Structure formats: structure tokens, C-alpha cells
Amino acid sequence: MSAYPFKGLPSLTALKTFEAVARLGSAKAASDELFVTPTAISHQLKALEAQLDVLLFVRLSRQLVLTPAGEQLFEAVHMGMQWMHNGVMALQREHHSNSVILTTVPNIATRILIPFLGELPVYAPGVALRLHIAHTLSPLDGLQADVAIRYGSGLWPDVDSTLLFHNRFVVAASPSLGLKKPTDLLKLPLLHMAWPERVLPPITWSAWKQAANEHGELDEWDTEAGVVFSDETHAISAAIAGQGVALVSETVVAQELQSGLLQAPLECGLDGCGSHWVVPKSRANEAKLLAVEAWVTAACAAVMGNVA
């Protein structure tokens with residue numbers, strides 16, 4: 001019988017704990033990431049140092065600093081963990097080869113993708129699509145998500161991005177509110193979106209006021225009053241119900257504008273960023289992802305056809 005080739009290698013748990021602490025610089029941060037107690041982290045580090053008979057960290061009051069030996073070990077362990085992670089991701093993709101996880105925000109999913117789901121088999125036959133709907137950015141690591149529709153500049157590292165549509169934000173309201181001119185806003189309730197900090201330029205009522213207040217008729221308008229929503233979908237629903245006026249992407253509410261559920265009678269709008277198809281550079285030519293991209297592009301084109 002051949003000898004075990006990895007004799008003397010510490011346990012994977014100990015090495016994973018060491019890698020997390022070395023990368024994050026804190027036992028507390030590592031415990032949060034690994035879902036264990038700081039005490040368990042401390043025990044693993046002490047046991048690893050005892051097994052290797054090497055001091056890996058200098059322990060300061062609020063920080064753990066790698067020694068030269070610790071830096072040497074971290075480089076090797078981190079690289080090994082990365083290789084294992086990549087191997088597991090590749091295996092999962094191979095054994096779920098027909099699955100694609102698309103992540104996007106709720107309003108894109110609700111108003112653009114879901115109405116077009118019936119066309120998915122036409123563009124991507126055999127693909128099992130999973131929609132991950134959230135405001136947070138999910139890593140395109142093949143586990144949490146494969147591809148994304150993201151709002152922004154399109155200039156993100158390690159990905160290819162393709163513009164799907166530009167977003168122009170207009171003042172939208174139910175016809176029941178009788179909105180006809182900018183000064184009507186002085187007596188109407190405002191609906192706000194709590195945009196993530198990464199959204200630039202800011203899409204706010206104060207920004208719209210600055211763009212529209214050419215003659216000073218809106219000087220006394222309080223743009224901070226009103227209800228704040230964490231999800232644009234809910235703000236749109238409130239606007240449709242006549243509960244106030246909202247600043248929304250003209251493309252996202254194209255169907256509501258066409259049907260008359262909403263109206264956008266004011267000329268002034270705010271130019272936002274684009275909504276982009278985003279795919280890792282290493283997977284840009286993968287057939288199933290190209291098929292889903294074709295479906296998404298067609299869905300966006302169908303909505304864009306409703307934008308006047």
C-alpha cells in the first residue's frame with residue numbers, strides 16, 4: 001500500500017480558519033464569515049501553530065498581524081483554497097449544465113423579464129433559468145449567480161457588459177391626481193426611492209427640482225416630504241394606486257404609461273445610467289449564457305417598443 005501523500009498536513013478546518021483570519025486580519029471578522037465563535041477561531045489558530053511549531057501571528061490588542069512565516073503559509077493556503085473553489089464551481093457547472101442563474105433587481109424582473117417568460121424556450125431551449133431577485137450585487141461566481149442585469153456605467157472589472165437600455169427618469173402619476181404642470185407637484189404627495197449609494201447620478205426629487213426650476217416657481221417646494229420605499233416596485237405600485245407621484249425609469253413603466261395606468265405629462269426628466277447585461281469575461285462565449293442574453297435582449301426590445 002502506498003503511503004498517504006499528505007501526511008503531516010493540518011486539517012482543512014484549521015487551514016480554512018487560518019486563511020480567513022489572515023485575509024480579514026481579525027478573529028471576529030473571521031468568526032462572522034465562518035459562522036463560528038471567536039473562541040473556536042482562537043483554538044484552531046493555537047492548535048495550528050502548535051502542530052507546525054511556528055508562530056503565525058503577532059497578537060495586538062485589536063488585530064492579528066501575520067509573521068513572515070504566516071505570510072508564507074497564507075500565500076500557499078489562499079492559492080490552494082482558490083484552486084479548490086474553482087474546481088468545485090466548475091464541477092457544479094458541469095453537472096448542472098442546463099442551469100443559468102440570472103440576478104437582477106425586482107423592477108426589472110417584474111416588469112420586463114417575467115412578462116416575457118413564455119418566450120424563453122424559443123430563445124434558450126432546454127435552459128433551466130433561475131431568477132435571483134435582490135438589490136444587493138451578487139458575485140458572478142457560478143454558484144450565487146452566473147449573469148446579471150445591472151444598473152450603472154457598465155465599467156466593472158473582470159466582466160463584459162452590454163447596454164440593454166438607457167434609463168430616463170420621469171415624473172409618473174395616476175391620471176386621477178390631475179398632474180398637468182410642475183407647480184401641481186406643490187400639492188401632491190411625493191414617493192421616494194432609497195437608492196443604494198452606488199447609484200450615480202442620484203435620482204432624487206431635489207435633483208429633479210434643480211433641473212426643472214428654471215423660473216423659480218418651485219423655490220418653496222419641500223422635496224424631502226413623503227414616503228420612502230426601499231423597493232422601486234412598491235413605489236410604482238403606490239403611484240398606480242394614486243398615492244403620490246414617483247420618479248421612475250420611463251422604460252421600466254413603459255407598459256403602465258401605454259395602458260394609461262400612469263401618465264408622465266411633464267417634459268423635464270433626469271438622465272440616469274444604463275441597464276446592462278453583465279457576464280464574466282471567462283464565460284462570455286458560453287452557449288447557454290448567449291441564449292439567455294438573446295432572450296433578455298428580446299424582452300427589453302419588446303418593452304422599449306412601448307416607450308414613446
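User: What makes a contact a salt bridge here, and how many are there?

Analyst: A salt bridge is a side-chain nitrogen of Lys or Arg within 4 Å of a carboxyl oxygen of Asp or Glu, and by this rule the count comes to 11 salt bridges. The model is a predicted one, in which local features need pLDDT of at least 70 and side-chain atom pairs count only at pLDDT 80 or more, while totals for chains, interfaces and linings use all residues. Residues are numbered from 1 along each chain as its sequence is written, and side-chain values use heavy atoms, with hydrogens and water left out.

User: Why is the contact of Glu 256 with Arg 111 called a salt bridge?

Analyst: The closest N and O atoms of Glu 256 and Arg 111 are 3.0 Å apart, which is within 4 Å and therefore meets the definition. Glu 256 lies in helix H9 (residues 254–259) and Arg 111 in helix H5 (residues 106–113), so the pair ties together parts that are 145 residues apart in sequence. Helices here are DSSP runs of H or I with at least four residues, and strands are runs of E with at least two, numbered from the N terminus.

User: How do you know whether Arg 23 and Glu 19 are buried or exposed?

Analyst: Buried means under 20% relative accessible area, exposed over 50%, and partly exposed in between, with a 1.4 Å probe and protein chains only. Arg 23, at 38%, is therefore partly exposed, whereas Glu 19, at 5%, is buried. Arg 23 and Glu 19 form a salt bridge, with the closest N and O atoms 2.9 Å apart, and, being 4 residues apart in helix H1 (residues 12–24), they are separated by about one helical turn.

User: What makes Lys 187 exposed and its salt-bridge partner Asp 184 buried?

Analyst: Lys 187 has 61% relative accessibility and so counts as exposed, while Asp 184, with a relative accessible area of 6%, is buried. The closest N and O atoms of this salt bridge are 3.1 Å apart.

User: Why are Cys 273 and Cys 300 not called a disulfide?

Analyst: A disulfide is a pair of cysteine sulfur atoms within 2.5 Å, and by this rule the count comes to 0 disulfides. The cysteine sulfur nearest to that of Cys 273 belongs to Cys 300 and is 16 Å away, so Cys 273 is in no disulfide. Cys 300 is likewise in no disulfide. Cys 273, at 14% relative accessibility, counts as buried, and Cys 300 is also buried, at 2%.
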